[in-house]
Amino acid sequence: IPVLPDQLEENDISWAYYAEFNAWMNALQMIRHVRYGPMWDNVLDPDNVTRDIRRGNLPAVTWIVPPESYNEHPGGGKSVCAGENWTVNLVNTIMKSEFWESTAIVLVWDDFGGFYDPIPPPQYDIMGLGPRTPALIISPYTRHGDNPDGGSVDSTEYEFSSVLAFIEAIFD
C-alpha cells in the first residue's frame, strides 16, 4: 500500500511519525514495507517529541499520536483533561521553539468523543458522514478573526484526506 511517507522519501522531505510501538493507534505498523523496512527508523516514541523539538530535530512533516494514557478517548479510567494538558504542553513547546515561524499544527480527532454537536452532519447519501469531528489549525499563518482570542472559524467541509492534500500542496 503506498503511503505518504513513500512520497516524502522519494522527494527527500524529512518526516517522523511519533507513536507508541505495538499500540493499536500506530497506523504505520500496519504497513508492511514501513514496519519491516528502513522507514521504520522514522517511527519514534511520542515520549521523545518534546526533547527532539528542544534539540532542533523536528522533521518537515511530523505526525504525533499521543501515548495511550493521553489519547483523549473518554472512559476507560483515563482523564480527557490529562490528554488535553499533554496536547497543550506539546503545542506550547512548538510555539516557543525555533520551528514556530514555519509551522502549521493540524490537530484532528478520530471521533467526536460523544459530546453534543449542535449542527447535524451533511448528508451525501443514506449513510451520511456521521458525527462531525473537530479540527484545529494552529499556525502563525492562520487567519486572525474577530474573536477575542484572535481565532477564526472556517466553515468549509473538510475530511481527513484534506490533511494529506495540504501536505502535498505545501511540498509540491
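# A tour from the cavity to the outer loop

Begin by selecting A19, E20, A23, M25, N26, V65, P66, P67 and E68, which together line the largest cavity of this predicted model. The space enclosed there comes to about 40 Å³, and the structure holds 1 cavity of 30 Å³ or more. If you colour the lining by residue type, you will find 6 nonpolar residues, 1 polar residue and 2 charged ones. As background for this stop, rolling a probe the size of a water molecule over the atoms shows where empty space is left.

Next, switch to a cartoon view and look for the open sheet, in which 3 strands lie in the order β2-β1-β3 with parallel pairing. The strands at the edges are β2, covering 43-44, and β3, covering 61-64, and each of these pairs on one side only. In general, the strands of a sheet pair through backbone hydrogen bonds, either parallel or antiparallel. Select residues 15-18 to highlight strand β1, which is joined to β2 by 2 bridges, the two strands running parallel. To see one bridge partnership in detail, show Y17 together with V43, its partner in β2.

Now move to helix α3, which spans residues 49-54 and contains D52. Is D52 buried or exposed? With a relative accessible area of 9%, D52 counts as buried, because buried means under 20%. Display its side chain along with that of Y18, and you will find a polar contact of 2.6 Å between the two side chains. Beyond residues up to four places away in sequence, D52 touches Y18, L44, N57 and L58, so these four are worth showing as sticks around D52.

Stay in helix α3 and select T50, which also has its place there. T50 is buried too, with a relative accessible area of 18%. Which residues does T50 contact once its neighbours within four places in sequence are left aside? They are N89, L90 and T93, which you can add to the selection.

For the last stop, select L129, which sits in the loop between β4 (105-108) and β5 (135-138). Here the relative accessible area is 53%, so L129 is exposed, the cut-off for that word being over 50%. Leaving out residues up to four places away in sequence, L129 touches P122 and Y124. Finally, draw a distance from L129 back to Y18, and you will find 28 Å in space, C-alpha to C-alpha, for two residues that stand 111 residues apart in sequence.

Methods. Residues numbered from 1 in each chain as written. Predicted model: local features only at pLDDT ≥ 70, side-chain atom pairs only at ≥ 80, totals over all residues. Heavy atoms only, no water. Helix = DSSP H or I, 4+ residues; strand = E, 2+ residues; numbered from the N terminus. Buried < 20%, exposed > 50% of the residue type's maximum accessible area, 1.4 Å probe, protein only. Polar contact = N/O pair within 3.5 Å; in protein donor to acceptor, adjacent residues only side chain to side chain. Contact = heavy atoms within 4.5 Å. Pairing = 2+ DSSP bridges. 1 Å grid on protein atoms, 1.4 Å probe; cavity = no way out; pocket = protein on both sides within 12 Å on 5 of 7 lines; lining within 4 Å. Points joined across faces, edges and corners; volume = space filled by probe spheres on them. Nonpolar A, V, L, I, M, F, W, Y, C, P; charged D, E, K, R; others polar.
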